[in-house]
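Here is a short report on one protein chain. Take a look at the sequence and the model before reading on.

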Amino acid sequence: MRSPLAPIVLAAGVTLLIGISVAMTPYFAGDVAAALGLQAMFPEPSWWAVPISRLAPAPNRYVVMVIAAVLAYVIAGWRGLALAAGFIALEQFGGESTKAIFGRPRPSRDLIAVVGTPGGFTFPSTTITFFYATFGTVAVLAARKRKAPFRIPILAVASLMVVLGCAARVALGAHWPSDVILTSVICLTWLWATARVAIPR
């Protein structure tokens, strides 16, 4: 019989493997080329990437949190609300501190274009972690609860916001593509694992 905790163990394993690989190098092969390619597609990213990125800091983050919590409740009731609240709390109180574990530096201006002066470390991306704790949680719940009201449009919009958040951080030069991709893999794995255990279909 498969253990009900198997998804959690899998998520922990994925997190460990990604963490080890990220700690070994400041960026991966292909990061520079991929970042330059995205920036070439959006040579003036400030008009769209900055507003999207500003959804994560206060005070906008509180509006996003409330919207995510309400949608989580609409989709999956009190269990969905509890899941959203739990991931939001984890992101709020632990997201930034995890960067010190890996100590991965921000992208260099010598390699790609960097808008503004982003500080601190770059992995895991706290902006992307916030997007997954809110929009990502809503998307995972909508994917799991097939009879939820307005499931498809909610899933589409929430997923689009996560994708735009990832693209915005790279377009602004605040993160390497591998930062946002691997942060996404970790967040999605934990969201999937927790929802699989806690949220019945």
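What pattern does the protein chain follow, read along the sequence? The pattern is α-α-α-α-α-α-α-α. The model is a predicted one. Its secondary structure comes to eight helices and zero strands.

**Overall form**

The C-alpha trace spans about 50 × 40 × 25 Å along its principal axes. The radius of gyration is 17 Å, which agrees with the value near 17 Å for a compact globule of 201 residues. Of those 201 residues, 46% count as buried. Take the contacts in the chain with a separation of 6 or more: residues 24 or more positions apart account for 80% of them.

**Cores**

In soluble globular proteins, nonpolar side chains tend to be buried together. Here the largest nonpolar core holds 47 residues. Within this core, Trp48, Ile75 and Leu141 touch the most other members. Six helices each supply at least two of its residues: α2 (31–41), α3 (46–53), α4 (60–94), α6 (126–144), α7 (151–171) and α8 (177–198). Of these, α6 gives the most, with 11 residues.

Which residues does Trp48 contact, leaving aside its neighbours within four places in sequence? They are Phe42, Leu164, Ala167, Ala168 and Ala171.

There is also a second, separate core of five residues. Ile18, Val22, Leu182 and Ile186 are among them.

**Pockets**

The two pockets below are the largest and the second largest.

| Pocket | Volume | Lining residues | Nonpolar / polar / charged |
|---|---|---|---|
| Largest | about 510 Å³ | 21 residues | 12 nonpolar, eight polar, one charged |
| Second largest | about 230 Å³ | 14 residues | seven nonpolar, three polar, four charged |

Start with the largest pocket. Thr98, Thr129, Ile186, Cys187 and Trp190 lie nearest its centre. The elements that give two or more residues to its lining are α1 (6–23), α4, α5 (99–102), α6 and α8. Of the elements, α8 gives the most to this lining, with five residues. Ile186 thus appears twice in this account: in the second core and among the residues nearest the centre of the largest pocket.

Now the second largest pocket. Which residues that line this pocket are the closest to its centre? They are Ser53, Arg54, Pro57, Thr127 and Arg169. Two or more lining residues come from each of α3, α4 and α6. Four residues of this lining are charged, while the lining of the largest pocket has one charged residue.

Definitions and conventions. Residues are numbered from 1 along each chain as its sequence is written. This is a predicted model: local features need pLDDT of at least 70, side-chain atom pairs count only at pLDDT 80 or more; totals for chains, interfaces and linings use all residues. Side-chain values use heavy atoms; hydrogens and water are left out. A nonpolar core is a set of buried Ala, Val, Leu, Ile, Met, Phe, Trp, Tyr and Cys residues joined through side-chain atoms within 4.5 Å. Buried means under 20% relative accessible area, exposed over 50%, partly exposed in between (1.4 Å probe, protein chains only). Helices (H or I, at least four residues) and strands (E, at least two) are DSSP runs, numbered from the N terminus. Contact means heavy atoms within 4.5 Å. On a 1 Å grid over the protein atoms alone, a cavity is a set of points where a 1.4 Å probe fits but cannot get out, and a pocket is an open set with protein on both sides within 12 Å along at least five of seven lines; lining residues have an atom within 4 Å of a point. Grid points are joined across faces, edges and corners, and a volume is the space filled by probe spheres set on the points. Ala, Val, Leu, Ile, Met, Phe, Trp, Tyr, Cys and Pro count as nonpolar, Asp, Glu, Lys and Arg as charged, and the others, Gly among them, as polar. The radius of gyration is taken over C-alpha atoms; the globule rule is 2.2 Å times the number of residues to the power 0.38.
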